[in-house]
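User: I would like to learn how to read contacts, helix packing and burial in a model of this kind. Could we take the features one by one, with the general idea before the case?

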Amino acid sequence: MTDVAIIANGGANIASLRFALDRLGASSQLTADVDELRRARRVILPGVGAAADAMERLHSLGLASAIPTLTQPVLGICLGMQLLFKGSEEGDTECLGIFPARVTRFPDRQGFPVPHMGWNQVVPQSGSPLTRGLGDDAYVYFVHSYAAPVGPWTQAVTDYGGEFSAIVRHANFHGAQFHPERSSRAGQRLLANFLALA
Amino acid sequence: MKGVRFRDHKVVGDILELAARYCAEGADELVFYDITASPENRSVDRSWITRVARVLDIPFCVAGGIRTVADAEEVLNSGAEKISVNSPALADPGLVNALARRFGSQCVVVGIDSQTVGEEFEVYQFTGDPDRSCSTRRRTLDWVREVQDRGAGEIVLNCMASDGVRQGYDLRQLRAVRSICHVPLIASGGAGTMEHFATVFADAGVDGALAASVFHSGAIAIPDLKASLRARRVEIRP
């Protein structure tokens with residue numbers, strides 16, 4: 001059995017994610033098959049692109065109703081994390097509803113161009129299993145224009161003209177707004193922590 | 001490849017080995033230039049991109065010979081985060097729009113080779129080939145505005161007069177471009193000392209500084225540079 005099933009939701013550029021898992025010795029499989037996802041030890045929901053398109057694809061693949069019922073550790077990355085929320089301002093899209101909040105666009109602020117692109121610091125909030133060993137000075141790589149608010153689900157925050165959720169968790173569902181596969185040591189640590197989840 | 005003032009190109013070691021070394025030393029992003037791709041009217045050989053993507057855990061950008069959306073798609077699917085276009089965007093500015101529409105502005109970098117001509121700055125093209133390198137007669141500031149309007153998500157400004165001579169970045173030109181550039185601006189050309197990096201961040205307000213020869217030659221070690229920048233309160237990943 002492969003270690004990680006990556007949900008094939010049509011986005012390009014999952015090669016770097018698979019290579020990052022390879023470097024950690026984890027096998028991965030790209031699939032949109034509900035039964036295969038249910039059988040997987042862990043599931044990653046990647047995502048590059050727009051929320052509305054991504055949700056449309058998940059609906060057409062029959063995955064929008066299946067994902068919230070998964071019981072193994074699930075990790076949403078970037079847009080994949082945003083899709084785990086109730087909705088997104090991007091295209092006024094209804095999403096998967098695991099986190100009861102709405103993802104909103106960064107406001108226009110002097111000195112904080114959108115998209116938020118590049119390295120920024122993550123500050124762990126609590127003893128979350130995903131942030132174990134991350135340290136207080138961990139920088140990770142972001143590329144996004146929309147962000148999730150801080151709430152009870154927040155495991156780590158990042159400040160970009162205001163704080164947003166960088167890492168989230170509810171039950172078996174986890175999310176990272178940044179790209180762990182391109183975040184050097186800190187990203188590798190987060191992925192290793194995810195792979196260590198029971 | 002790296003070039004010294006865009007003449008006399010020389011190959012610098014095995015790219016995989018270099019990529020892994022820079023990554024381990026703390027480089028924040030790598031840019032791979034095939035600077036001979038455009039002048040010779042051929043595309044980048046892409047088999048190496050996947051090999052690079054396997055070893056790198058930082059973002060990287062590929063530049064050279066990307067002329068179509070299909071070219072870009074192949075590069076991105078091989079594991080690169082960004083694609084950078086230069087000469088092909090000058091030949092067909094609509095390419096910038098097409099790339100931004102298909103992949104999002106965040107992966108579309110426009111590289112600009114700019115030369116000081118009197119008081120003005122002019123865009124040059126085919127700078128990878130000394131025999132074909134020439135002015136486009138476009139004013140650099142106009143081109144910077146245009147590519148932003150077309151959807152460029154980042155601009156790498158290579159100041160040709162300072163490139164490869166290690167006398168410092170072209171602060172006058174970078175400040176002029178910064179004042180009209182609303183997307184991330186990366187300074188290129190002229191880094192010779194750690195002081196030059198600190199100065200370009202402080203005096204030109206750029207978002208990033210690109211350098212090749214000082215790293216390839218070992219003149220500046222990345223960990224030392226980063227420690228020096230942090231000591232000067234430049235916010236940077238340790």
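Analyst: Two residues are in contact if their C-beta atoms, placed from the backbone, lie within 7 Å. With that cut-off, and bearing in mind that this is a predicted model, 18 residues of chain B are found in contact with 19 residues of chain A.

User: Which helices of chain B each supply at least two residues of the side that touches chain A, and what is the make-up of that side in nonpolar, polar and charged residues?

Analyst: Helix H2 (47–55) and helix H3 (69–77) of chain B each supply at least two residues, and H3(B) gives the most, with three residues. By class, the side of chain B that touches chain A has seven nonpolar, five polar and six charged residues.

User: Before going further with H3(B), how should I picture chain B as a whole?

Analyst: Chain B has 10 helices and 11 strands, and 45% of its 238 residues count as buried. Looking at contacts in chain B between residues at least 6 apart in sequence, one finds that 63% join residues at least 24 apart.

User: Which residues of H3(B) are buried, and how do they lie around the helix axis?

Analyst: A residue is buried if 20 or more other C-beta atoms lie within 10 Å of its own. In H3(B) this applies to Asp71(B), Ala72(B), Val75(B) and Leu76(B). Seen down the axis of H3(B), these buried residues fall within an arc of 130 degrees, so they line one face of the helix. They pack against H2, strand E4 (60–63), strand E5 (82–85) and helix H5 (94–103) of chain B. Just after H3(B) comes Gly79(B), which takes a positive phi of about 120 degrees.

User: H5(B) is among those partners; at what angle do H3(B) and H5(B) pack, and how far apart are their axes?

Analyst: Two packed helices are described by the angle between their axes and the distance between the axes. For H3(B) and H5(B) the angle is about 45 degrees and the axes are 10 Å apart. That angle makes H3(B) oblique to H5(B), and the crossing in which H3(B) passes H5(B) is right-handed. On the H3(B) side the contact is made by Val69(B), Ala72(B) and Leu76(B), and on the H5(B) side by Ala98(B), Leu99(B), Arg102(B) and Phe103(B). The residues of this contact divide into six nonpolar, no polar and one charged.

User: Which residues are buried in H5(B), and what do they pack against?

Analyst: In H5(B) the buried residues are Leu95(B), Val96(B), Leu99(B) and Phe103(B). Around the axis they cover an arc of only 100 degrees, which puts them on the same side of H5(B). Their packing partners are H3, E5, helix H4 (87–91), strand E6 (108–117) and helix H6 (140–150) of chain B. After H5(B) comes Gly104(B), with a positive phi near 95 degrees.

User: Could you take me through another pair of helices in chain B, read in that way?

Analyst: Helix H8 (residues 194–204) and helix H10 (residues 222–231) of chain B pack at an angle of about 45 degrees, with 10 Å between their axes. H8(B) is therefore oblique to H10(B), and their crossing is right-handed. H8(B) contributes Met194(B), Phe197(B) and Ala198(B) to the contact, while H10(B) contributes Leu225(B), Ser228(B) and Leu229(B). Of these contact residues, five are nonpolar, one is polar and none is charged.

User: Turning to single residues in loops, is Cys107(B) buried or exposed, and which residues does Cys107(B) touch?

Analyst: Cys107(B) lies in the loop between H5 and E6 of chain B, and Cys107(B) is buried, with 26 other C-beta atoms within 10 Å. Not counting residues up to four places away in sequence, Cys107(B) touches Leu76(B), Glu81(B), Lys82(B), Ile83(B) and Gly153(B). Leu76(B) is also one of the buried residues of H3(B).

User: And for chain A, is Ser126(A) buried or exposed?

Analyst: A residue counts as exposed if 12 or fewer other C-beta atoms lie within 10 Å of its own. Ser126(A) has 9 other C-beta atoms within 10 Å, and is therefore exposed. Ser126(A) is in the loop between strand E8 (116–124) and strand E9 (138–144) of chain A.

Conventions. Residues numbered from 1 in each chain as written. Chains lettered and ligands numbered in written order. Predicted model: local features only at pLDDT ≥ 70, side-chain atom pairs only at ≥ 80, totals over all residues. Helix = DSSP H or I, 4+ residues; strand = E, 2+ residues; numbered from the N terminus. Nonpolar A, V, L, I, M, F, W, Y, C, P; charged D, E, K, R; others polar. Arc of directions from axis to C-beta. Axes fitted to C-alpha atoms, helices over the stretch in contact; angles between N-to-C directions. Parallel < 35°, antiparallel > 145°, perpendicular 65-115°, else oblique. Left-handed = near helix turned anticlockwise from the far one by under 90°.
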